[in-house]
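Welcome! Please take a look at the model below, and then we can walk through a metal site, the overall fold and one helix together.

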Amino acid sequence: MAVLSWKHHTLIQSLLERGPLTEKEFHFIFTGITGQNPGTHQGKFNDYLLKINRELSYVQLDLRACRDPYDGRVYFGVVNNVSDDQSKLGTKYSVPQIAFFKAIVEAIAQDVTAEGTICNLDALNIKLENQVLNSSGLQSQDVPAAFKNFTVSHKEKTLDQLVKDKWLCYTEDDNIGLGIRSILDLRSWFHNAGVPSCQVCNEAGFKAKLCPNDGCAVRIHHYCLKKRFSQKGMLVCPSCDTQWQYQPPKAEPIEVKDEETEPVQSQPSSNPGPSQPSLRSKRKRQRLDNVETAGCSSQASGANRKRVTRSSAHPR
Ligand SMILES: [Zn+2]
Ligand SMILES: [Zn+2]
């Protein structure tokens, strides 16, 4: 068993303490430790990751990279391989909080419009009792009190905590999306849950663009689409031959700048972690007076708009 040097340990430590980190931040740390730039020493960088992962596998951990479909950037993080699902929240979150998180993840993953978001009101309207009843076959009188007593204010606090811990994020259009921690961690869950993959990169396409042809199930990430368009200038759907149009989403600028090959040198990483735009203040809440009855019109009508016939639409 190969022994890791202090350099490997420092890399692992940086991700455990401050991660997930953007590619730029992680590369900067790597350069600081080894004196070599991953952009020009790709092989060396990969060797480090390989060696680290060989050792981490003994304790069921995995150093991963993935692209965040909301901002298009690459992130690195260490994830727990033991159970690749929401149970990882167990040490910090209560059972109803985990059920709430799970319901949000499912709603986002199964959204047939592939917006990758749920609106605040829809999230607060999630009924935890239904979660239990649907999954366990319990009678309504058997629903634990903790679930029945999980109020809107509990939900709001939980949302804030989940965003702070990067399990969820607030998107620029004031909705709730998956955080980078979920994106890194839930990779196999997405697969098992039948979340349709991006046609280009094969990663989960819960936030992606749908083929303009309503009858076609192909979806492609915004950043994958952008890349294709910059390479070929046009794109014809590989499945139905419909011509795709490319238009960057205005609310979520796509940043594909820090590409794996881009040289990294400047940019001090004194600012740990991906910068989540804090929308808390701006977002200052849609009135909650009618939260129990109101739905989120944009999302609700969006979901029914026209995509219900898509073959990939069925939840699991
Ligand atoms: Zn993709
Ligand atoms: Zn198509």
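Let us begin with Cys240, which counts as partly exposed because its relative accessibility is 26%. Keep in mind throughout that this is a predicted model. Cys237, by contrast, is buried, because its relative accessibility of 1% falls under the 20% cut-off.

| Residue | Relative accessibility | Class |
|---|---|---|
| Cys237 | 1% | buried |
| Cys240 | 26% | partly exposed |

Both cysteines bind the zinc ion (ligand 2), together with Cys211 and Cys216; each of the four uses its SG atom, at 2.3 to 2.4 Å. Along the chain, these donors follow the spacing C-x4-C-x20-C-x2-C. What arrangement do the 4 donor atoms make around the zinc ion (ligand 2)? It is tetrahedral, because the angles they subtend are 100 to 114 degrees.

Now for the wider picture. The protein chain has 12 helices and 10 strands, and 48% of its 316 residues count as buried. Its accessible surface comes to about 15,700 Å², with 50% of that belonging to carbon and sulfur atoms. Among contacts between residues at least 6 apart in sequence, 63% join residues at least 24 apart.

Helix α3 (residues 42–56) makes a nice close-up: its 15 residues reach 21 Å from first C-alpha to last, close to the 21 Å expected at 1.5 Å a residue. Its buried residues are Phe45, Tyr48, Leu49, Ile52, Glu55 and Leu56. Seen down the axis of α3, they fall within an arc of 130 degrees, so they line one face of the helix. That buried set packs against α1 (6–18), α2 (23–34), β2 (61–67) and β3 (74–80), while Asp47 and Leu50 are exposed on the other side of α3.

Key
Residues numbered from 1 in each chain as written. Chains lettered and ligands numbered in written order. Predicted model: local features only at pLDDT ≥ 70, side-chain atom pairs only at ≥ 80, totals over all residues. Heavy atoms only, no water. Donors = N, O, S within 2.8 Å, 3.2 Å for Na, K, Ca; no water. Tetrahedral: all angles 85-135°; square planar, octahedral: opposite > 155°, others 65-115°. Buried < 20%, exposed > 50% of the residue type's maximum accessible area, 1.4 Å probe, protein only. Helix = DSSP H or I, 4+ residues; strand = E, 2+ residues; numbered from the N terminus. Contact = heavy atoms within 4.5 Å. Areas by Shrake-Rupley, 256 points an atom, 1.4 Å probe, with all protein chains shown as cover. Expected span 1.5 Å × (residues − 1). Arc of directions from axis to C-beta.
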